[in-house]
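Colleague: Got a minute to go through this model with me? I'd like to start with the overall picture and then get down to single residues.

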Amino acid sequence: MSGKRTLHDYFSSGKKQKISDDESPVQDELQQPSTSRTSTIPVECPVITEVKLKSDSDFDSGDDSIANDFSSETDLDDDDDEKSESIEFTEWLRRGNEYSATSNAEKDVNTKKSPGPADLSQSPEDEPKQPELILFPRTKFGNKQRQFSSAWYKLYPTWLEYSVLCDAAFCFVCRHFSVNPPEVFVSTGFKNWKRALERDSGFKKHEVSIEHKNCHLKWINYSKIRANAETSVMSQVNEAHRALVEENKAYMTIVIDILIYTATQNIAQRGNRENLESSNRGNFLELLDLFAKHNLVVKKKIVEEVSRNAKYTSAQVQNEILFICSKMILDKISDEIRRASCFALMCDETKNISKTEQISVVIRYYLDGTIYERFIGFRAAKNLDATSLLSYIKELLNQCGVDMQKCIAQTYDGASVMSGRVKGVQKLFRDEVPRAIYVHCYNHRLNLITVDICKNLSHGKLFFDFLETLFVFMSGSAVHSQFIETQRQINPEKKPVELKRICYTRWTAQVHACSAIKTLVTEILVFLNKLIADKSDRSAEAIGMLHQIDFNFIFNLCMYYKILNLFKGVSDYFQKVTSNLSSANILLKSAEDTFKTMRSSDDEFLLIYFEAIKICENNNIDIPSAYQAVQTSRVKKMPKRFEHFVVSENINIEDEVPIDQRQFKTRVYFPTIDLILMAINERFNKCASVINASSALHPENDDFLSYEIVRPLAEHYKIELDSLKAEFTILCKTIKQYELEKNIKISNIMQLLDLLEIYKIVFPETYKLTVITLTIPVSSAGCERTFSCLKRLKTYIRNKMTNERLNHLAIINIERSTAKTLSADEIIKKFDEMHRNRRIILH
């Protein structure tokens with residue numbers, strides 16, 4: 001970078017340093033200035049305690065000069081982050097105990113001349129000069145001529161070197177690393193060949209000297225430094241930088257883990273007051289404080305560095321991290337959808353606690369032998385017309401990177417704005433994606449049949465209205481506690497049961513209400529009689545309710561309980577992610593056949609009738625008899641003077657009250673079954689032939705692999721008809737052979753698809769059609785499940801949450817299995833890339 005000097009440049013410059021007198025090299029005409037080298041210091045350099053330093057002040061001043069020079073030469077004007085980073089490095093450099101004597105000695109070596117003649121090694125990087133001469137120069141000692149011997153190189157291979165110019169021996173390590181160099185072996189050389197190998201003189205004496213050993217140890221450490229060319233002073237700075245980055249990443253990992261944990265567990269993160277004086281700063285900050293008690297890194301960031309304003313716990317940082325997590329989840333979903341051959345769209349809307357309409361979009365697809373229903377987000381809806389709703393849906397699909405043209409079906413509820421044939425959302429969507437057929441949610445249709453029973457039959461309406469009245473009465477503050485206590489007194493070992501409210505928009509609310517009343521008939525009667533006997537404020541209401549719990553009520557209770565239980569089993573299957581269109585149609589056909597059997601056979605009616613009699617006998621409720629039927633058979637007529645005040649049907653009210661078995665059968669039982677059969681035929685059997693054709697792909701269907709039935713479905717999705725017809729012919733035999741070999745029975749469409757996966761090359765068109773059938777949604781229950789999450793997320797005390805944060809939290813919570821697999825390192829990387837000028841260093 002221009003304008004900046006590295007530490008390498010610093011040591012490579014010709015900056016003068018003070019050399020003490022005892023370190024001055026001997027001025028000799030044979031000496032030449034040694035080549036200046038760049039000094040390097042290792043990341044982990046061992047401390048050499050044997051070396052005597054010049055002084056503590058010299059050591060400190062040397063470090064300060066390096067640090068100050070580095071700090072002054074570094075460009076700190078880029079942004080605040082680089083300033084903070086440089087200051088941290090400078091402070092680290094000032095720690096004297098991080099430098100060993102080796103680094104100090106190395107600095108001295110590279111800033112002064114190496115003593116000795118020019119034919120010796122000129123730097124510590126060279127090896128000792130050990131020339132092999134045929135004849136070394138001889139010197140007379142006494143009466144003998146003596147000379148240097150090359151055999152001595154083997155005795156002292158690491159430090160002994162010979163100068164031909166001076167005919168003298170020198171010490172390699174002392175010449176380059178000695179702080180107080182001796183004259184001999186460093187400057188003038190050793191020439192007394194007579195005493196060269198004596199024990200108390202010559203080479204041996206020098207080798208055992210303290211100065212030589214210290215220099216030898218310095219040279220070993222220096223060699224280690226040179227072995228790793230990248231370990232320089234800047235490398236040490238980089239090592240400190242790396243340690244700081246790792247520390248910051250460890251801290252951010254904990255922050256991210258807390259956010260993901262609270263999001264997946266649906267725990268509120270924010271607090272009402274998050275300042276230091278608050279006793280409850282919110283779950284996120286309180287959890288972070290808890291981590292600080294057991295984690296030194298977190299403690300350092302949020303306690304010791306509180307004034308640095310870089311804790312990264314603000315709401316803005318939380319939102320950024322939540323956004324990254326939700327985006328990574330959507331990217332994984334998008335990748336799976338791209339790999340799938342097709343997908344289906346499910347959509348519904350609801351109102352949250354803030355009275356904001358929220359659009360929920362769920363994608364269904366088949367991939368690698370599994371059916372998936374994945375939530376891709378909420379969208380706040382300002383307008384609820386079809387055009388606006390479609391734009392919201394397309395916006396969510398685009399954010400997830402989903403190709404609309406791969407959509408093969410769309411499932412909504414029956415609201416006109418969604419299902420309208422002219423200007424509904426489904427029609428507008430099909431204008432852009434023609435093959436995306438519309439499927440009216442099976443659960444909503446089934447619930448409409450239940451509502452028809454509860455509201456369109458007079459005895460049914462009176463029955464369910466009384467259930468609601470009984471629930472309201474038993475839910476009073478004083479009455480409720482007494483009722484629970486009565487249950488404990490009658491059945492001490494049984495857990496008290498709560499009565500359930502009637503709700504026509506909840507798919508199984510009615511059956512749960514009937515089940516609770518049927519279980520508590522005895523307890524209710526005992527409690528009402530107790531209230532009457534106590535002559536309390538609620539006694540009058542108790543008398544009226546007790547009067548209405550008669551055989552007529554008990555019969556309706558048993559009948560509706562059985563009917564709604566049948567619907568519940570079908571509804572539960574529709575809500576499963578693994579449900580498919582062909583199996584749903586088969587199940588509906590079975591339910592319809594069951595109701596036809598109940599209509600044509602007296603056995604089912606008698607079972608219900610005698611069950612009601614048994615309950616009445618156990619609870620002393622009057623049972624209609626033939627004598628009572630004769631006594632009450634007289635029809636009462638309304639006086640003529642009152643006829644113009646009342647508008648009624650042709651039959652009298654008294655005639656509607658059944659009084660014997662035959663009348664219960666004809667006036668209550670048959671009308672209910674007839675209405676159910678009519679509603680099933682109206683709401684299901686008149687569906688498009690394209691949807692009904694999927695039933696022929698179910699192995700349990702009598703029309704399994706019937707080409708004529710499947711043909712409308714195949715034509716709609718542009719399947720090659722001739723190939724499909726030929727495949728059906730071969731597939732029947734293949735299935736039989738497969739069942740014999742594997743000793744299994746293919747009884748559902750998923751097992752059929754497993755077989756087709758094996759023979760995909762042989763049956764490509766059948767495979768495509770089967771995957772499409774599995775992909776078409778039966779119900780929009782996936783959207784309903786997201787509404788349950790929405791209700792838990794945006795509560796009364798969290799109603800100020802923005803729509804963006806709500807959407808991110810919902811994605812993480814609903815897709816928690818994917819959220820738990822997210823990599824913290826990847827999240828940190830994306831978080832760092834969003835803003836390169838963060839105060840916390842992450843790269």
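Modeller: Sure, one definition before we start: helices (H or I, at least four residues) and strands (E, at least two) are DSSP runs, numbered from the N terminus. By that count, the protein chain has 36 helices and nine strands. Keep in mind that this is a predicted model, where local features need pLDDT of at least 70, side-chain atom pairs count only at pLDDT 80 or more, and totals for chains, interfaces and linings use all residues. Residues are numbered from 1 along each chain as its sequence is written, and side-chain values use heavy atoms, with hydrogens and water left out.

Colleague: OK. What percentage of the protein chain's residues count as buried?

Modeller: 48% of the 843 residues. Buried means under 20% relative accessible area, exposed means over 50%, and partly exposed is in between (1.4 Å probe, protein chains only).

Colleague: And the contacts, what share of them join residues at least 24 apart?

Modeller: 71%, taken among contacts between residues at least 6 apart in sequence. Contact here means heavy atoms within 4.5 Å.

Colleague: Let's do salt bridges. How many does a search of the whole structure find?

Modeller: It finds 32. The rule is a side-chain nitrogen of Lys or Arg within 4 Å of a carboxyl oxygen of Asp or Glu.

Colleague: Give me one. What does K394 pair with?

Modeller: K394 forms a salt bridge with E432, and their closest N and O atoms are 3.1 Å apart. K394 is in helix α13 (residues 386–399) and E432 in helix α15 (residues 425–432), so the pair ties together parts that are 38 residues apart in sequence. K394 counts as partly exposed at 25% relative accessibility, and E432 counts as partly exposed at 35%.

Colleague: Any others worth a look? Which residue does R501 bridge to?

Modeller: To E468, with the closest N and O atoms 2.6 Å apart. R501 sits in the loop between α18 (477–490) and α19 (509–519), while E468 is in helix α17 (residues 458–474), so this pair ties together parts 33 residues apart in sequence. R501 is partly exposed, with a relative accessible area of 47%.

Modeller: There's also E611 with K518, whose side chains meet in a salt bridge (2.5 Å, N to O). E611 lies in helix α24 (residues 602–618) and K518 in helix α19, so here the parts tied together are 93 residues apart in sequence. E611 is partly exposed at 30% relative accessible area, and K518 is partly exposed at 22%.

Colleague: Which residues do shared partners join into one network?

Modeller: E247, K300 and K301, through their salt bridges.

Colleague: Back to α13 for a second. Is L389 buried or exposed?

Modeller: Buried, with a relative accessible area of 3%. L389 lies in helix α13. Leaving out residues up to four places away in sequence, L389 touches I359, N383, L384, V417, M418 and V425. The C-alpha atoms of L389 and M418 are separated by 8.6 Å, and the two are 29 residues apart along the chain.

Colleague: Where does Q405 sit?

Modeller: In the loop between α13 and β8 (407–412). Q405 counts as partly exposed, at 45% relative accessibility. Not counting residues up to four places away in sequence, Q405 touches E432, V433 and R435. That's the E432 that pairs with K394. Q405 and V433 are 28 residues apart in sequence and 5.9 Å apart in space, C-alpha to C-alpha.

Colleague: Now helix packing. At what angle do α20 and α21 cross?

Modeller: Roughly 140°, and the axes of helix α20 (residues 521–534) and helix α21 (residues 539–548) come within 8 Å. That makes α20 oblique to α21. Axes are lines fitted to C-alpha atoms, for helices over the stretch in contact, and angles run from 0 to 180 degrees between N-to-C directions. Under 35 degrees counts as roughly parallel, over 145 as roughly antiparallel, 65 to 115 as roughly perpendicular and the rest as oblique.

Colleague: Which residues of α20 and α21 meet?

Modeller: L525, L528, N529, L531 and I532 in α20 meet S539, A542, I543, M545 and L546 in α21. By class, that contact has eight nonpolar, two polar and no charged residues. Ala, Val, Leu, Ile, Met, Phe, Trp, Tyr, Cys and Pro count as nonpolar, Asp, Glu, Lys and Arg as charged, and the others, Gly among them, as polar.
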